[in-house]
Amino acid sequence: MNRTDSMSVKCYKQGSHKLKDLKNRIVEIYNSPDRDKPSDFDELFLSFRELLNSGKVRAAEQVEDGSWKVNAWVKEGILLGFRFGVIEDYTTNSGFNYYDKSTYPLRPSVAEDGIRIVPGGTSIRAGSYVAPGVVIMPPAYINTGAWVGPDTMIDSHALVGSCAQVGARVHLSAAAQIGGVLEPVGASPVIVEDDVIIGGNSGIYEGITVKKGAVIGAGTVLTASVPVYDLVKGERLKVERGQSLVIPENAVVVPGSRPMRSCDYAIEHGLQINCGLIIKYRDDKTDAATALEELLR
């Protein structure tokens, strides 16, 4: 039995669906050659979406050895919501118009949730979990399947993509982009562990894992194809076949470049290509530079 089941199956019941039964039914519908909506789907999906909203199920979870396991069935459930949802008119009395899938309206929030949502265009889509103590500056967007841990700061123009997992006490600076990874269902989403700082105008995409305490400098873009060099250890980060790039704990990563040597034209013109550079590992001075954030809370 996987960790998700062991945490929840024994004790959780949403409506008439026990979690284990709900999981099995989602997998059955997702893999069925019949593309018509099942008669029990609406009730089933509402139960599933509430589990996402409450954080009781996640697209990926950390296991005992510190690695992360993808819950493919959760992604399958999210995709079923897109398959069977219909476009609905959500126009408000104030004249604000938007049209989206009936399965993914905006997620309601109340003061008792303990989330600070500053006015100005922020949206949290249904099927995402946002923990108490999170601060969201406008405008920001959190997509379905995302999980955001307690006391995290999501600054202006920041994105938390579909199924992204963001830990506790993380700071997503202005215009930071945490990419979504919904398909293929077995692919790891972007994972940002606890106490990470993501600098402004930076982007983490394609299933990258950023381990706890790391600092991603402003303007850094990390994807599966961007090499990262550790200047402290004098090595390039290794990526196992079929695995995602992992930024080590407490690493401080800044944008860099390296010469292109793939052809004579690139060499002749001195062309460079993007890379990431680990220039140090986090210490007391790095922490002191970010202490102001606590005062803002």
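The following dialogue works through how the terms applied to this structure rest on its computed values.

Student: What kind of model is this, and how are its residues numbered?
Tutor: This is a predicted model, in which local features need pLDDT of at least 70 and side-chain atom pairs count only at pLDDT 80 or more, whereas totals for chains, interfaces and linings use all residues. Residues are numbered from 1 along each chain as its sequence is written, and side-chain values use heavy atoms, with hydrogens and water left out.

Student: What makes β24 and β28 paired strands?
Tutor: Strands are DSSP runs of E with at least two residues, and helices are runs of H or I with at least four, both numbered from the N terminus. Two strands pair if DSSP finds at least two bridges between them. Strand β24 (residues 228-230) is joined to strand β28 (residues 272-281) by three bridges, and the two run parallel, so the pair satisfies the definition. Within this pairing, Y229 stands opposite L277 of β28.

Student: Which residue of β27 is the bridge partner of L277?
Tutor: L277 in β28 has V254 as its bridge partner. Strand β27 (residues 251-259) pairs with β28 over nine bridges in the antiparallel sense. With β22 (residues 215-216), by contrast, β27 pairs in the parallel sense over two bridges, and there V215 stands opposite V252.

Student: How do these pairings fit into the sheet, and what makes a strand an edge strand?
Tutor: The sheet is open, has 10 strands with mixed pairing, and follows the order β7-β10-β13-β16-β19-β22-β27-β28-β24-β25. Its edge strands are β7 (116-117) and β25 (235-236), each of which pairs on one side only.

Student: Why is I273 called partly exposed?
Tutor: Buried means under 20% relative accessible area and exposed means over 50%, with partly exposed in between, using a 1.4 Å probe and protein chains only. I273 has a relative accessible area of 37%, and is therefore partly exposed. This residue is found in strand β28, and its C-alpha lies 6.3 Å from that of M260, although the two are 13 residues apart in sequence. Counting as contact any heavy atoms within 4.5 Å, and leaving out residues up to four places away in sequence, I273 touches G256, S257, R258 and M260.

Student: How do you know that the length of α3 agrees with that of a helix?
Tutor: The expected span is 1.5 Å times one less than the number of residues. Helix α3 (residues 41-54) has 14 residues and should span 20 Å, and because its end C-alpha atoms are 20 Å apart, the two values agree. Its buried residues include F41, L44, F45 and R49, and just after α3, G55 takes a positive phi of about 80°.

Student: What makes α4 mostly covered?
Tutor: In helix α4 (residues 72-84), 10 of the 13 residues are buried, among them W73, K75, E76 and G81. The helix reaches 18 Å from its first C-alpha to its last, close to the 18 Å expected.

Student: Why is T103 called buried, and what does its side chain meet?
Tutor: T103 has a relative accessible area of 8%, so it counts as buried. T103 lies in the loop between β6 (99-101) and β7, and a polar atom of its side chain is 2.7 Å from the backbone oxygen of G81. Apart from residues up to four places away in sequence, T103 touches F45, R49, G81, F82 and G85.

Student: How do you know that C275 is in no disulfide?
Tutor: A disulfide is a pair of cysteine sulfur atoms within 2.5 Å. The structure holds zero disulfides, and for C275 the nearest cysteine sulfur, that of C263, is 18 Å away. With a relative accessible area of 1%, C275 is therefore buried, and C163, at 0%, is buried as well.

Student: What makes a set of residues a nonpolar core, and which members of the largest one touch the most others?
Tutor: A nonpolar core is a set of buried Ala, Val, Leu, Ile, Met, Phe, Trp, Tyr and Cys residues joined through side-chain atoms within 4.5 Å. The largest has 36 residues, of which I136, I142, I154, V160, L172, I204 and I247 touch the most other members. Apart from it lies another core, of 22 residues, including L19, I26, L51 and F84.

Technical notes:
Polar contact = N/O pair within 3.5 Å; in protein donor to acceptor, adjacent residues only side chain to side chain.
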